[in-house]
Amino acid sequence: MAGTLALALAPANALADAWQERSDWSEIFRANEVSGTLLVVDKRNGNATTLVHDGERARERFVPASTFKIPHTLFALDAGVAEDEFQVFAWDGVERSIPPWNADQDLRSGMRSSVVWLYQQFARELSEERERRYLEAIDYGNAEIGDDLENFWLDEGMLEISAEEQIEFLERLYRNELPFDEADQRLVKDLMITAAGSDWIVRGKTGWSGQLGWWVGWVERPNGPVFFALNMETPNRMADLPKRQGIVDEALRTIEALPPAN
């Protein structure tokens with residue numbers, strides 16, 4: 001009992017020693033010729049095991065880039081800026097370098113194609129005051145906006161979050177414990193589905209700042225979820241982007257969170 005009480009009273013950072021460093025994951029990063037971190041919280045079978053490559057970096061904050069579309073969609077739904085997944089948002093006619101962006105959008109296409117202009121539109125309609133209020137309400141990273149409302153989560157924006165904090169946020173979303181309507185949280189989780197099999201579902205979101213790549217989310221299995229948050233440097237820019245999900249998939253297969261590759 002005393003040991004249990006001591007653990008319960010220990011500050012969160014004191015539990016960092018419980019993180020298990022995975023040397024085999026270091027080999028995955030090395031083989032892909034990138035540096036970064038991968039944090040995994042495995043909650044299958046009623047347990048909670050935390051596995052990591054580069055634990056120090058997992059606590060370091062970086063700009064969230066398009067992973068911020070997860071909470072940003074919740075903000076838009078809560079404020080009535082977006083009504084539901086069927087509402088169509090008209091393309092502004094500006095030709096951009098990513099072809100799927102040059103069309104009308106809805107929340108599903110906006111999430112799938114990571115349409116920046118759509119979420120910049122949401123930011124303008126939400127206003128700086130409401131953005132700040134929502135960020136503070138969900139305790140998202142440093143909750144900083146700065147003076148650039150349309151880009152605070154992008155490139156050199158002021159908003160920053162760590163891999164550890166990404167997973168803390170995702171766990172609350174998984175449990176529908178964020179301060180939003182449960183229906184909105186369930187909708188956002190539906191929009192996040194990227195892959196599925198007979199007994200597993202992957203929900204996640206990529207992000208890229210131009211220098212840093214993200215892939216965050218979780219795998220749902222019948223015996224519980226496995227959360228993940230990766231960030232990595234992208235010196236080869238777009239050529240490195242497929243490595244985000246590739247590294248995570250390979251690491252998750254080492255703990256049988258995903259089925260073997262075909």
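Trainee: In what order do the seven strands of the open sheet lie?
Mentor: The model is predicted, so local features need pLDDT of at least 70 and side-chain atom pairs count only at pLDDT 80 or more, while totals for chains, interfaces and linings use all residues. Residues are numbered from 1 along each chain as its sequence is written, and side-chain values use heavy atoms, with hydrogens and water left out. Strands (E, at least two residues) and helices (H or I, at least four) are DSSP runs numbered from the N terminus, and two strands pair if DSSP finds at least two bridges between them. The pairing in this open sheet is mixed, and the order is β1-β3-β2-β7-β6-β5-β4.

Trainee: Which are the edge strands?
Mentor: An edge strand here pairs on one side only. The two that do so are β1 (20-21) and β4.

Trainee: Which residue in β3 stands opposite Gln20?
Mentor: β1 and β3 (residues 49-53) pair in the parallel sense over two bridges. Opposite Gln20, in β3, stands Leu51.

Trainee: Which residue in β5 stands opposite Ala196?
Mentor: β4 and β5 run antiparallel and are joined by three bridges. A hairpin of four residues links β4 to β5. Facing Ala196, in β5, is Ile201.

Trainee: What angle does the direction of α8 make with that of β4?
Mentor: α7 (residues 163-174) packs on the sheet and touches β2 (36-42), β6 (212-221) and β7 (224-233), where contact means heavy atoms within 4.5 Å. α8 also packs on the sheet, touching β4, β5 and β6. Axes are lines fitted to C-alpha atoms, for helices over the stretch in contact, and angles run from 0 to 180 degrees between N-to-C directions. For α8 and β4 the angle is about 60°.

Trainee: How far apart are the axes of α7 and α8?
Mentor: In this contact Arg172, Leu173 and Tyr174 of α7 meet Gln185, Val188 and Lys189 of α8. The two helices pack at an angle of about 115°, and their axes are separated by 10 Å.

Trainee: Is α4 roughly parallel or roughly perpendicular to α6?
Mentor: The axes of α4 (residues 69-79) and α6 (residues 116-138) come within 9 Å and cross at roughly 85°. Angles under 35 degrees count as roughly parallel, over 145 as roughly antiparallel, 65 to 115 as roughly perpendicular and the rest as oblique. The crossing angle therefore makes α4, relative to α6, roughly perpendicular.

Trainee: Which element gives the most residues to the lining of the largest pocket?
Mentor: A pocket is an open set of points on a 1 Å grid over the protein atoms alone, where a 1.4 Å probe fits, with protein on both sides within 12 Å along at least five of seven lines; lining residues have an atom within 4 Å of a point. The largest pocket is lined by 31 residues, and among those nearest its centre are Ser66, Ile98 and Trp101. Elements giving two or more residues include α5 (107-112), α8 (182-191) and α9 (242-254). With five residues, the greatest contribution comes from β5.
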